[in-house]
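Me: I would like a close look at a single part of this structure, with its surroundings filled in afterwards. Please define each term with its cut-offs when it comes up.

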Amino acid sequence: MAFTLESPAFETGQAIPERYVRNGGNLSPPLQWKNAPAGTRSFLLVVEDPDAPRGMFRHWAVYDIPAGRDSLPEGAAGPESFRQGVNDFGNAHYDGPQPPKGGVHHYHFRLSALDVETLESGGETAIADLLAHAGPHMIATADLVGTYESR
């Protein structure tokens, strides 16, 4: 059975509701996953927009999620909730979609199963650095894609 990531807030390929965008409620959406592979010791979640004008834009990273978890509730992005990487807005918390006007952007919610319990990052770490450190430890990745267009 495939490792999957879903949200009760939106289906893959569908629009992300306003409550989860930066100029809306700016809440992280509820997420749930199943069928993590054997050997999973933790998870890393990253939210990226590859359609950004200057290239990949990273909105959120949560890491060292315990292997026993199978979901994150809505609004799980508070600074006290989980270890979070510094996004491209310069914040160590969730910042939802906020694309410029002029087209649909695709937001990739990627959950990686890792073979380590912790990524051992010291202090606040940029998402790109977390991804580089996690790369050799990734067992599998599940992807959920939501869309958003500024009007």
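Leaving aside its neighbours within four places in sequence, which residues is Ser 42 in contact with?

Reply: This is a predicted model, in which local features need pLDDT of at least 70 and side-chain atom pairs count only at pLDDT 80 or more, while totals for chains, interfaces and linings use all residues. Residues are numbered from 1 along each chain as its sequence is written, and side-chain values use heavy atoms, with hydrogens and water left out.

With neighbours within four places in sequence set aside, Ser 42 is in contact with Asp 64, Ile 65, Pro 66, Ala 67, Ser 112, Ala 113, Leu 114, Val 116 and Glu 117. Contact here means heavy atoms within 4.5 Å. The side chain of Ser 42 also reaches the backbone oxygen of Val 116, at 2.5 Å. That is a polar contact (a pair of N or O atoms within 3.5 Å; within protein, one must be able to donate a hydrogen and the other to accept it, and residues adjacent in sequence count only if both atoms are side-chain atoms). Ser 42 is buried, its relative accessible area being 1%. The classes are buried under 20% relative accessible area, exposed over 50% and partly exposed in between, with a 1.4 Å probe and protein chains only.

Ser 42 belongs to strand β3. Helices (H or I, at least four residues) and strands (E, at least two) are DSSP runs, numbered from the N terminus. Strand β3 is part of an open sheet of five strands, ordered β6-β4-β3-β7-β8 and paired in the antiparallel sense. At the edges stand β6 (83-84) and β8 (138-148); each has a single partner strand, so one side of each is left without a neighbour in the sheet. Two strands count as paired if DSSP finds at least two bridges between them.

On one side, β3 pairs with β4 over seven antiparallel bridges, and Val 46 has Ala 61 in β4 as its bridge partner. Of the 10 residues of β4, eight are buried, so this strand is largely enclosed by the rest of the structure. One of the contacts of Ser 42, Asp 64, is found in β4. Asp 64 has a positive phi of about 60 degrees although it is not a glycine, and at 15% relative accessibility it counts as buried. Next in the sheet, β4 pairs with β6 over two antiparallel bridges, where Tyr 63 stands opposite Arg 83.

Towards the other edge, strand β7 (residues 105-114) is joined to the antiparallel β8 by 10 bridges. Ser 112, which is among the contacts of Ser 42, stands opposite Thr 141 in β8. Helix α1 (residues 127-134) lies across β3 (42-49), β4 (57-66), β7 and β8 and runs at about 50 degrees to β4. For that angle, axes are lines fitted to C-alpha atoms, for helices over the stretch in contact, and angles run from 0 to 180 degrees between N-to-C directions.

Strand β3 also holds Asp 49, which is buried at 3% relative accessibility. Its contacts, again without neighbours within four places in sequence, are Gly 55, Met 56, Phe 57, His 59, His 105, His 106 and Tyr 107. The side chains of Asp 49 and His 105 are joined by a polar contact of 2.7 Å, and a polar atom of the Asp 49 side chain lies 3.5 Å from the backbone nitrogen of Ala 52.

Before β3 comes the loop from β2, which contains Asn 35. Asn 35 is not a glycine but has a positive phi of about 65 degrees; at 29% relative accessibility it counts as partly exposed. Strand β2 (residues 31-34) pairs with β5 over two antiparallel bridges, with Gln 32 opposite its bridge partner Ser 71. These strands sit in an open sheet of three strands, in the order β1-β2-β5 and with antiparallel pairing.

As for the whole chain, it has one helix and eight strands, which run β-β-β-β-β-β-β-α-β from the N terminus on. Buried residues make up 44% of its 151 residues. Among contacts between residues at least 6 apart in sequence, 73% join residues at least 24 apart.
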